[in-house]
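Colleague: I have not looked at this one before, and I would like to go through it slowly with you. Please put it up on the screen.

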Amino acid sequence: MARIGVDLGGTKIELIRTTDNPLEVLDRVRVPTEKEHGYDHLVRQIVSLLDALRTQAGEPVRIGMGIPGAIDRDGVVVTSNIRCLDGHALSHDLTEQLGQTVRVENDANCFALSEALHGAGVGYRMVFGLILGTGVGGGLVIDGQSWSGVHGIAGELGHVSVDYHGPQCYCGRKGCLELYLAGPSIQRAYEQQSGTQRGVPEIAEAARLGTDPVAQAVMAHFLDVYVEAIANLVAGLDPDAIVIGGGVSNLDLLYHEGAERARSLSLQKAQKTQILKNKLGDSSGVYGAATLA
């Protein structure tokens, strides 16, 4: 049976129609999210896109979707950086309008599932998928099965606080990891200290070359927080592998200096947890949503 995977992001919605093999893509659609128009508009847009792909399929399909945010056991979005989703049972609303089940999960869970089954995490029993992108998220896969926890929020590393007196996060807590490790957070820190806007790759390269003291300071702080996050993750879960995705995952220092420093903080000095870059790239999430289906 064919599958449809949907990756709902802050700036774009990506959909793929696949065969029963989630990596065998038959159709791909990318459109702007248009979240600024509110929840009802977003639902109508998704329903329209799914209807079109179902028609093209000409056969029954299964549908899975990944969204940025935590979802409770009743299917209600608890908190998301697409704020119009908060408090809504997205899976229920889509299922009702489409007349078929739409399984909705956290996008980091979808990322972790696709990388564990088809990407960098193949061959490992416990895989933690860590997304460092527009936000920070995490998902856990054990023996090929996604594990979301009793409240549906397992792996939400982005909302682990590292500074109780730090800046306010939209989730209600202070000093969350997302405020330090997400791409926009790195850019914001640099702009606040330098008065200049630069992208993360530019900031990281300037820091590496030693040509910009502000970039060096920003990236040094980023790396300090990242190292502690990885060390705490290993201490708490002891996974076989941590696979990193999102735009920030392209920084080489995560896998070299960052990994070495994290190992030095481990309770088990002969630390075997592998810290790996994703293999499926920007499409990890949408492949995972199709796998979820």
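Colleague: How do β1 and β2 pair, and over how many bridges?

Modeller: β1 and β2 run antiparallel to each other and are paired over six bridges, where pairing asks for at least two DSSP bridges between two strands. The elements are DSSP runs numbered from the N terminus, with at least four residues (H or I) for a helix and at least two (E) for a strand. Within this pair, Leu8 stands opposite Ile13 of β2, and the hairpin that joins the two strands does so through three residues. Before we go on, please keep in mind that this is a predicted model, in which local features need pLDDT of at least 70 and side-chain atom pairs count only at pLDDT 80 or more, while totals for chains, interfaces and linings use all residues. Residues are numbered from 1 along each chain as its sequence is written, and side-chain values use heavy atoms, with hydrogens and water left out.

Colleague: And which residue stands opposite Lys12 in β3?

Modeller: That is Pro32, and it belongs to a pairing of β2 with strand β3, residues 25-32, which is again antiparallel and extends over seven bridges. The hairpin from β2 to β3 passes through six residues.

Colleague: How many of the residues of β2 are buried?

Modeller: Six of its seven residues are buried, which leaves β2 mostly covered; buried stands for under 20% relative accessible area, exposed for over 50%, and partly exposed for what lies in between, with a 1.4 Å probe and protein chains only.

Colleague: What about β5 and β6, in which sense do they pair?

Modeller: They pair in the antiparallel sense over three bridges, and one bridge partnership links Ile71 with Val77 in β6. Their hairpin has five residues between the strands, and Gly75 in it takes a positive phi near 85°.

Colleague: Which residue other than glycine has a positive phi near 60°?

Modeller: Glu34 has that value, and this residue is found in the loop between β3 and α1 (39-57). Glu34 is partly exposed, at a relative accessible area of 28%. Asp143 is another case, with a positive phi of about 50° although it is not a glycine. Asp143 has its place in the loop between β9 and β10 (145-147), and is partly exposed as well, at 44% relative accessible area. As background, most residues other than glycine have a negative phi.

Colleague: Changing topic, which residues touch the most other members in the largest nonpolar core?

Modeller: In that core of 40 residues they are Leu130, Leu132, Leu181, Tyr226 and Ile244; a nonpolar core is a set of buried Ala, Val, Leu, Ile, Met, Phe, Trp, Tyr and Cys residues joined through side-chain atoms within 4.5 Å. Elements that each supply at least two residues include β8 (126-132), α5 (183-194) and β11 (241-245), and α7 gives the most, with 13 residues. There is also a second, separate core of 30 residues, with Ala2, Val31, Val47 and Ile67 among them.

Colleague: Is Ile244 buried or exposed?

Modeller: Ile244, which lies in strand β11, is buried, with a relative accessible area of 0%. Leaving aside neighbours within four places in sequence, its contacts (heavy atoms within 4.5 Å) include Phe111, Leu130, Tyr226 and Ile275. The C-alpha atoms of Ile244 and Ala112 are separated by 9.0 Å, with these positions 132 residues apart along the chain.

Colleague: Last topic: what volume does the largest pocket have?

Modeller: Its volume is about 890 Å³, and of the 39 lining residues the closest to the centre are Asp7, Asp107, Ile131, Gly133 and Thr134. A pocket is an open set of points on a 1 Å grid over the protein atoms alone, where a 1.4 Å probe fits and protein lies on both sides within 12 Å along at least five of seven lines, and lining residues have an atom within 4 Å of a point. Points are joined across faces, edges and corners, and the volume is the space filled by probe spheres set on them.

Colleague: Which element gives the largest share of the lining of the largest pocket?

Modeller: α3 does, with three residues.
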